[in-house]
Amino acid sequence: MAADYVDWLRREGRIVIVGASLAGLRAAETLREEGFTGSLTLIGDEPYEPYDRPPLSKSVLLGKASPEHTELPRRRELDAEWRLGVPAAGLDLTGKRVLLADGEEVDYDRLLIATGVRARPWPVPEEAELDGVFVLRTRDDATALTEKLRAGARRVVVIGAGFAGSEVASACREMGLEVTVAERAGAPLVGALGGVIGAVAAELHLKNGVDLRTRVTVTALEGDAMGRVRAVHLSDESVVEADVVVVSLGSMRNTEWLSGSGLGAGPRGIASDAGCRAFDFRGIVTDDVFVAGDVARSPHALFGYQFLSLEHWGNAVAQAETAAHNMICPASDRRPHMWMPAFWSSQFGVNIKSVGVPPMGDELMIIQGSTAERRFVGVYGFKGRVVAAVTFDNARWLEYCQRQIEQGAPFPVEYPTVDRRPEGRQPVAADFPDPSLPTHGPTVTLSGYSPADRRLVFTPGHH
Amino acid sequence: MTQPSLVARITDFANRADPYPLYAELRRTPVLHEEEGEPYVISSYWDIESLLHDPRISSDAANMTAAGADELQSESTGLPPSFIRLDPPEHDRLRRIANSAFGPPHEPRRVDDMRGELHTIVTELIDGFAGRTEVDLVDQFAYPFPVTVICRLLGVPREDEPRFRSWVDPLVASLDPETRQSAGPEFVQAAQEARTQLGMYLAGLVEERSKDPRDDMLSDLAAGKGPDGAMTMMEVLSTAVLLLIAGHETTVNLITNGMLTLLRHPEYLQRLREDPELAVNIVEELLRYEPPVQLVPQRTCITDIEVRGVTIPKGSRIWLMLAAGNRDPERFKDPERFDPDRDDLQHLGFGSGIHSCFGAPVARLETQIALAELARRLQDPRLVADPPPYRPNAVLRGPRHLTVTFDGLNP
């Protein structure tokens, strides 16, 4: 019976994918690759075919790539119906249909939700609308920001020194623009990598001529009579004159359209089981709704079965492939999503890479190289084992670190390495901010069974 | 009578033509240590991969304390150690500077811009076969090719190439441990003399280039474009000699093994003739199937390490059997088959980790062009002897001669 259903589904079922970016595309390709011959519909709120986002804050800003030419390479023909430029507006779980913003409905037999995240906007709408104030998430954002920067800017203020903000600051400096970065924490990247590594990132900013202001928040964006941004007011009462402001305060998960649907969706994403099947609001797994990519949150065996939300490129690909596989295979062939978290960033000429979940670590050891040279391998430890690693211009050692994490290798790391320095012999506090304080977007969100996480409150949707 | 050790059988010249059955035997004991003084031999793909990325593994000869440590060591040039025999941070600094003269981001076009020149060199070498129906592809093609390429890369003036070659040939020959053992004192003397001459010549050229830089590697090495600045004169010399030596016999073997393999698999020779683009896949599969560096014999561990439950004591000699890992059935489907159409081809032919082959982009291009042109121009090429005679070297394994007959040359 169940096997018959899967056979039928594979042959002539209707699969709908909401979200037409990296995860949506790779899922669609995997479905076809694995023999799905039914109807396939991809729904995307942007009018463009799937494109790659990482270049938007790097080569596109520098003018080395055009924002129009970042399409994702296709692995195969899809034979799919594309509904682009129309966001999904609602979900009817019982009737098995997706409601679109233009009033249309799309029926499905199985659904994949890959709606991702969007940039967190500046919280004061009238200030956010000032000419010269930008966020950077989409191709349109990149086009607008690039044009503005090309037209010449006296000073750019970047609000938030996470990865995206730091990359924007780096690109602007490379273009020779004056840049001020305002960061609430004590250093850049602290949410993702902690204060020790953040201090290294701060040096990078300073060395490259960024006017870095830490432990400040932006209290107001000031416009001129023409509605153009003119200055940025900081909590230390200083004022920075600027004609471009890039708001880089992390991201928000695109789950609002699911409110009231009965799915377990909220600001932290959509929870799923290890096989990418979404939970409903009662915490019961659904049969026909799957999730993948930035919007998903799933338990990871290597990290205490905590529910991880990963805004990582590689995660989107791996989770999409697993979800797609599980959507059209018999129950016994399903695979768990067990991707090792990993991300990269390039800023100020430095290649930063990480594996594992750094914010889970409470201690850090530099096992190779030195932070003073800004070339090193650092590993994070938690409860006596290695849980993450970060490299600055030393990525070739990362594979080893990944294996250490997979094997639950002991921490502190006692053995010598080919470039162990005296400074790295003792573990130090990794210095992550209190997880209950808001940040501008760590690249990993931990939730679930962490004792540090006391703020997760279930709020039923309004039916 | 006791069976000789597996390591002894691998180094035994009698098994040079086909060591692969021995490698299969080796993989049955993935961490093999036959007796005191013998190396720890690692032969499965995943273990090799993992040790190539392991920061407890050193390439620095000074860390090797085990007996017989220097038996396979070949670098005795009188120069400071080059980065292939160094650990970070020294390795990283020298390799970064070398790379700033060779690849992206400072010289993104260095290799690709040589495409036309490589093509010309290959064409001239093949034109030299005119009027004959039998050639030795080693002596008349594969051997002269890489030296010419390195000359152009470094920036050796054309008119000096013959002189340069006359020093390089005895130097390279002297690196082969068996040749060295069997040679008389005059051979050793000649090699030493060549080394001195080459060193003096290069030093003069580096001096010239630092005063009057051109678009070549020696100028860049002496100028130091990257954030690490320039190399010292001695460092430039040892890097130049490294590129010469490491880029020579390996490339010769890759090309020769390549032609041999294609002649044994004529369907692919035919396909390559019709579609030169196939050379890319063919070269990658060759690097898996017949890697020019069969094993990495110069690693040690700086602390006791455990591999598959076996403890390898600090200072031991470790052999990473790249050619055995490349045919590990746990990694590659149907590994004993030469199949350029495989879609999963992450071979160990260039190693991996921080010491992964520096010259790989050049080696790839040289071999792609060489094989595609040989396939296109030789009319009905045939092997004269199969297997052909091999060189003694077990590490840099390849035919000594590869005599091929053919009906004529296509233009």
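Contact here means heavy atoms within 4.5 Å. All views show a predicted model.

**View 1. F141(B) in the largest nonpolar core.** This core has 87 residues, and F141(B) and F164(B) touch the most other members. Helix α17 of chain B, residues 360–377, is the main contributor, giving ten residues. Leaving aside residues up to four places away in sequence, F141(B) touches V122(B), L125(B), I126(B) and F129(B). The same list holds D136(B), I255(B), A370(B) and L374(B). A second core, separate from this one, has 78 residues. Among them are L56(A), A201(A), F303(A) and V387(A).

**View 2. The edge-to-face pair of W313(A) and W344(A).** Over all chains, the structure holds 19 aromatic pairs. In the pair of W313(A) and W344(A), the ring centres are 6.4 Å apart and the planes meet at 70°. The pair links distant parts of the chain, 31 residues apart. W313(A) belongs to helix α7 (residues 313–327) of chain A, W344(A) to strand β24 (residues 342–347) of chain A. W313(A) is partly exposed because its relative accessible area is 33%, between the limits of 20% and 50%. W344(A), at 36%, also counts as partly exposed.

**View 3. The tilted pair of F129(B) and F406(B).** The ring centres lie 6.3 Å apart, with the planes at 45°, so the pair counts as tilted. F129(B) sits in the loop between α5 (115–127) and β4 (134–136) of chain B. F406(B) sits in the loop between β11 (403–405) and β12 (408–409) of chain B. The pair therefore ties together parts 277 residues apart in sequence. Both F129(B) and F406(B) are buried. F129(B) and F406(B) share one aromatic cluster with F141(B) and F145(B).

**View 4. Arginines over tyrosine rings.** In chain A, the charged end of R139(A) sits over the ring of Y48(A), 4.6 Å from the ring centre. In chain B, R327(B) lies over the face of Y20(B), at 3.4 Å from the ring centre.

**View 5. An open five-stranded sheet in chain B.** The strand order is β1-β2-β8-β5-β3, with mixed pairing. β1 (31–32) and β3 (57–58) of chain B stand at the edges. Each has a single partner strand, so one side of each lacks a neighbour in the sheet. Strand β5 (residues 296–301) and strand β8 (residues 317–320) of chain B run antiparallel, joined by three bridges. T300(B) has R317(B) in β8(B) as its bridge partner.

**View 6. S248(A) in a loop of chain A.** The loop runs between β16 (244–247) and β17 (251–253) of chain A. S248(A) counts as buried because its relative accessibility is 11%, under the limit of 20%. The S248(A) side chain reaches the backbone nitrogen of G165(A) at 3.0 Å.

**View 7. Strand β25(A) and its antiparallel partners β24(A) and β28(A).** Strand β25 of chain A covers residues 350–356 and is mostly covered, with five of its seven residues buried. Six bridges pair β24(A) with β25(A). Across this pairing, A342(A) has V355(A) as its bridge partner. The two strands form a hairpin with two residues between them. In the turn, F348(A) has a positive phi of about 50°. Strand β28 (residues 385–392) of chain A is joined to β25(A) by five bridges. Here G356(A) stands opposite A388(A).

Definitions and conventions. Residues are numbered from 1 along each chain as its sequence is written. Chains are lettered from A and ligands numbered from 1 in the order in which they are written. This is a predicted model: local features need pLDDT of at least 70, side-chain atom pairs count only at pLDDT 80 or more; totals for chains, interfaces and linings use all residues. Side-chain values use heavy atoms; hydrogens and water are left out. A nonpolar core is a set of buried Ala, Val, Leu, Ile, Met, Phe, Trp, Tyr and Cys residues joined through side-chain atoms within 4.5 Å. Buried means under 20% relative accessible area, exposed over 50%, partly exposed in between (1.4 Å probe, protein chains only). Helices (H or I, at least four residues) and strands (E, at least two) are DSSP runs, numbered from the N terminus. Rings of Phe, Tyr and Trp (its six-membered ring) pair if their centres lie within 6.5 Å; planes under 30 degrees apart count as stacked, over 60 as edge-to-face and the rest as tilted. A charge sits over a ring if NZ of Lys or CZ of Arg is within 6 Å of the ring centre and within 35 degrees of the ring normal. Two strands pair if DSSP finds at least two bridges between them. A polar contact is a pair of N or O atoms within 3.5 Å; within protein, one must be able to donate a hydrogen and the other to accept it, and residues adjacent in sequence count only if both atoms are side-chain atoms.
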